[in-house]
Amino acid sequence: MSQAASRTSIAASAPRATGLMTLLVALLLTELLIQAGLINRFIVPPPSEVAKAFYRIVAQEHVFRRFLSTAAECFAAGVMLTLAGVSAGLLMQRFTLLQRAVETWVASIAAAPLVIMYPLFLVIFGRNALTIIMMGFISGLPPAILKTIEGISATRKVLINVGRSFNLTATQQFWKILFPAALPTIFVGVRLGLVFALINVVGTEFLISYGGLGALIADLAERYDLAGTYAAICFVILVSVLFFLALEKIERWLRPVD
Amino acid sequence: MAETGRLRQTATAPLIGPVALVRTAIVLALLALWEFLAHSGWLYRDVVPSLLSIARALARLLSQPDYYYNLGVTAGEIGMALLIGGGAGLLVGLVLGGNRFLSKAFEPYLYYLGPTPKIIFLPIAIMWFGVEAPSKIALGTFSCFFPVALNVAAGMRQIDRVLIRVGQSFRASTLQMVVKIYLPAMRHPIINGVRLGFGFALIGVLLAETRLSNKGVGFVIMQADSTFDMPSMYAMLIVLFVLAIGANALIGRLGGIDTIKRS
């Protein structure tokens, strides 16, 4: 049995290994082409130099402090968008007329390029962390609102009827039936909001050259530290991917088994 | 849903519906609040300019031939980005959607790279393609590739098996299968991918323009920013949002889907 199990696990990991191998081969090929002079090393630094630069930016550029400031900005934006988004969603869900009037507006705003408002925010809030947090906040707000509405509206009829048959008051019905039932969907909205918030926090940091990891890339690029720039970009991608993975884990943990 | 709302709605059949009434009320309240803030003196001057000055700036903006030129530049860049990035995305999506092994090998990378902030690649884009339009197109292309590829791949996997079997039992050739079965069945995911891709390309191009450029809408916005011309900035953002939301709705309408809600 263990043999069969190991065979299936090998078969299952074959695609993953292929993907990883392709990545490594591509990096190796790039390295060789650059060393052979076929790719200009002043445009694409060799991967080995980028790897070395990793150590340098960690040691010299206060990466940990920058990471903390980006994380703090994301956290602040996340708390704000959760509180504001969920309560706005609940309010709209409670008053049907309001929902029917405003929901399409929220959906349209979600499709608008909100991040382009950063010059405006720069003037309103100044070149500081508040601008970055507000950019993250507004870009993550629409999904939080929409998913809250969706979650409460999609509560199963059976559950609502159970509440009715227990003669629950409206408040009890909300806290004991509707809200718990909607929680997984609400978290999907919060997760999407956090993803948008992270994208916009890092993006705004880069664009206004202030604060954490995004600004690091702008700094290094301005100094023409090519290997450092590439390394910093890889670092930011890595951090974002880990962030998404963590959010997915939490979401799976919250989702009820059905 | 609260049932009382529905009952009340059927009972009354007024000239304008209650929804329109609420909407008008909200808009009017917001405008009044804005105008009040503009004149209150609580905020820094010009951060919240009066509605009249915004309207004037809007009229000025729309009567400038220069602005249309910049709008055209940006639209051209977005179009190119969508063409290259969307085309590549469609191709990659079809390959990944049609092959289980390749999908398992490479799709995780796309899935996790997709939502990372793309603007940070701007230094690389500038290094590779220079400071002119090509670097903006490159950033837009890179931004819109991921949503298109992922949507097409997912759409390909969701095709109803029955449709494919119908095609096979009619002995359709590969070309016929693609044209008559796959593409029509995948119309919605493709359109949805293009709609998302358009949004991402738009953001990529605009942000690249605000960071470093000498033409395009992003450049004009940064000019207004550097001269603290707030009414113009609001006017430009209004125009931009109207165009973006309109284009988004149009692409959705073309696909015949109620798209906005799905995002």
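## Terms and source

Helices (H or I, at least four residues) and strands (E, at least two) are DSSP runs, numbered from the N terminus. This is a predicted model, in which local features need pLDDT of at least 70 and side-chain atom pairs count only at pLDDT 80 or more, while totals for chains, interfaces and linings use all residues. Residues are numbered from 1 along each chain as its sequence is written, and chains are lettered from A in the order in which they are written.

## Helix α8 of chain A

S209(A), just after α8(A), takes a positive phi of about 50°. The helix itself covers residues 170-208. Its 39 residues would reach 57 Å if straight (1.5 Å times one less than the number of residues), but the end C-alpha atoms are only 48 Å apart.

Within α8(A) there is a kink of about 50° at L183(A), shortly before the proline P184(A). The bend is the angle between axes fitted to the seven residues ending at a residue and the seven starting there.

## Chain A overall

Chain A has ten helices and zero strands. Its C-alpha trace spans about 80 × 65 × 30 Å along the principal axes.

Of the 258 residues in chain A, 41% are buried (20 or more other C-beta atoms within 10 Å of their own, with C-beta atoms placed from the backbone).

## Where the chains meet

In chain B, 48 residues are in contact with 42 residues of chain A (C-beta atoms, placed from the backbone, within 7 Å). Helices that each supply at least two residues of this side of chain B include α2 (18-40), α10 (187-211) and α12 (230-254).

Key. Contact = placed C-beta atoms within 7 Å. Buried ≥ 20, exposed ≤ 12 C-beta atoms within 10 Å, placed from the backbone.
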